[in-house]
Amino acid sequence: MLRYILLVPLLSPLFLSAQSNRPKACPCCTEAHQAFHFWVGDWEAFSPQGKKLGENRIVLMQDTCVMQENWTAASPGYSGTSYNYYDAQTQTWHQLWIDNQGQTLKLFGNMVEGSMVLKSEEMTSPQGQKYINRVTWTPNDDGSVRQHWETSGDQGENWNTVFDGIYRPKS
């Protein structure tokens with residue numbers, strides 16, 4: 001009996017290792033976690049007038065828990081990346097944007113009437129003006145996605161378009 005008691009500490013790591021190798025449930029496979037997956041893919045972005053604005057690749061990472069955006073503008077010299085995820089505790093989507101100019105943007109929100117709508121907290125421009133951002137992604141029946149970025153300097157009473165792009169799947 002004493003031999004078996006002495007073996008338990010030696011064999012415990014083997015049992016724990018075997019348990020940790022078992023497949024885990026998919027924590028990010030809920031409908032809420034997948035609500036923004038319509039944006040996943042390789043895209044070319046165009047203005048409403050048809051001018052090419054850039055290319056974007058949206059990929060799933062971390063067992064589908066994170067969407068990574070990789071933007072390259074059509075005019076050379078500008079690119080950026082965003083990380084998008086759903087926080088199940090707060091039931092909110094988040095985006096963190098970082099570009100090659102050192103700019104960042106933090107957005108949060110949810111699906112609203114079939115569109116992903118994310119907003120920023122109040123920010124201050126270099127000129128000292130207060131404003132908020134709102135970015136809306138809308139999946140279209142033809143497989144494209146519209147991204148409409150707006151800002152408001154009056155707490156959302158009036159909005160000005162900053163970016164309006166139609167994402168079409170790359171061929």
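How many bridges join E2 to strand E3 (residues 66–73)? The count is 8, and the two strands run antiparallel.

This is a predicted model, in which local features need pLDDT of at least 70, side-chain atom pairs count only at pLDDT 80 or more, and totals for chains, interfaces and linings use all residues. Residues are numbered from 1 along each chain as its sequence is written, and side-chain values use heavy atoms, with hydrogens and water left out.

**Strands and hairpins**

Two terms come first. Strands (E, at least two residues) and helices (H or I, at least four) are DSSP runs, numbered from the N terminus. Two strands pair if DSSP finds at least two bridges between them.

Strand E1 covers residues 41–46 and strand E2 covers residues 52–61. They run antiparallel. Strand E4 (residues 79–87) pairs with E3, also in the antiparallel sense. The table sets out these three pairings.

| Strands | Bridges | Residues between the strands | Turn residue and its positive phi |
|---|---|---|---|
| E1 and E2 | 6 bridges | 5 residues | Gly50, near 100° |
| E2 and E3 | 8 bridges | 4 residues | Gln62, near 50° |
| E3 and E4 | 6 bridges | 5 residues | Gly77, about 105° |

Single bridges show how the strands line up. Trp43 has Asn56 in E2 as its bridge partner. Ile58 is matched with Glu69 in E3. Met61 is matched with Val66, again in E3. Asn70 has Thr81 in E4 as its bridge partner.

How is E3 placed within the structure? It is largely enclosed by the rest of the structure, because 6 of its 8 residues are buried. Buried means under 20% relative accessible area, exposed means over 50%, and partly exposed lies in between (1.4 Å probe, protein chains only).

**Aromatic rings**

A search of the whole structure finds 10 aromatic pairs. Phe36 and Phe38 form a tilted pair, 5.6 Å centre to centre with 55° between the planes. Rings of Phe, Tyr and Trp (its six-membered ring) pair if their centres lie within 6.5 Å; planes under 30 degrees apart count as stacked, over 60 as edge-to-face and the rest as tilted. Phe36 is buried, with a relative accessible area of 0%. Phe38 is partly exposed, at 22%.

Trp39 and Trp137 also form a tilted pair, 5.3 Å centre to centre with 50° between the planes. This pair links distant parts of the chain, 98 residues apart. Trp39 is in the loop between helix H1 (2–20) and E1, while Trp137 is in strand E9 (residues 130–139). Both Trp39 and Trp137 are buried.

One aromatic cluster takes in these four residues, Phe36, Phe38, Trp39 and Trp137, along with Trp43, Trp71, Tyr86, Trp93, Phe163 and Tyr167.

Another ring meets a charge. Arg134 lies over the face of Trp159, at 3.9 Å from the ring centre. For this, NZ of Lys or CZ of Arg must be within 6 Å of the ring centre and within 35 degrees of the ring normal.

**A surface patch**

Which residues make the nonpolar surface patch of about 220 Å²? They are Tyr83, Leu96 and Ile98. Leu96 is in strand E5 (residues 92–99). It is partly exposed, with a relative accessible area of 33%. Patches are made of residues with over 30% relative accessible area and no salt bridge; nonpolar side chains (Val, Leu, Ile, Met, Phe, Trp, Tyr) are joined within 5 Å, like charges within 9 Å. A salt bridge is a side-chain nitrogen of Lys or Arg within 4 Å of a carboxyl oxygen of Asp or Glu.

How values were computed. Accessible areas come from the Shrake-Rupley method with a 1.4 Å probe; for residues, only the protein chains shown count as cover.
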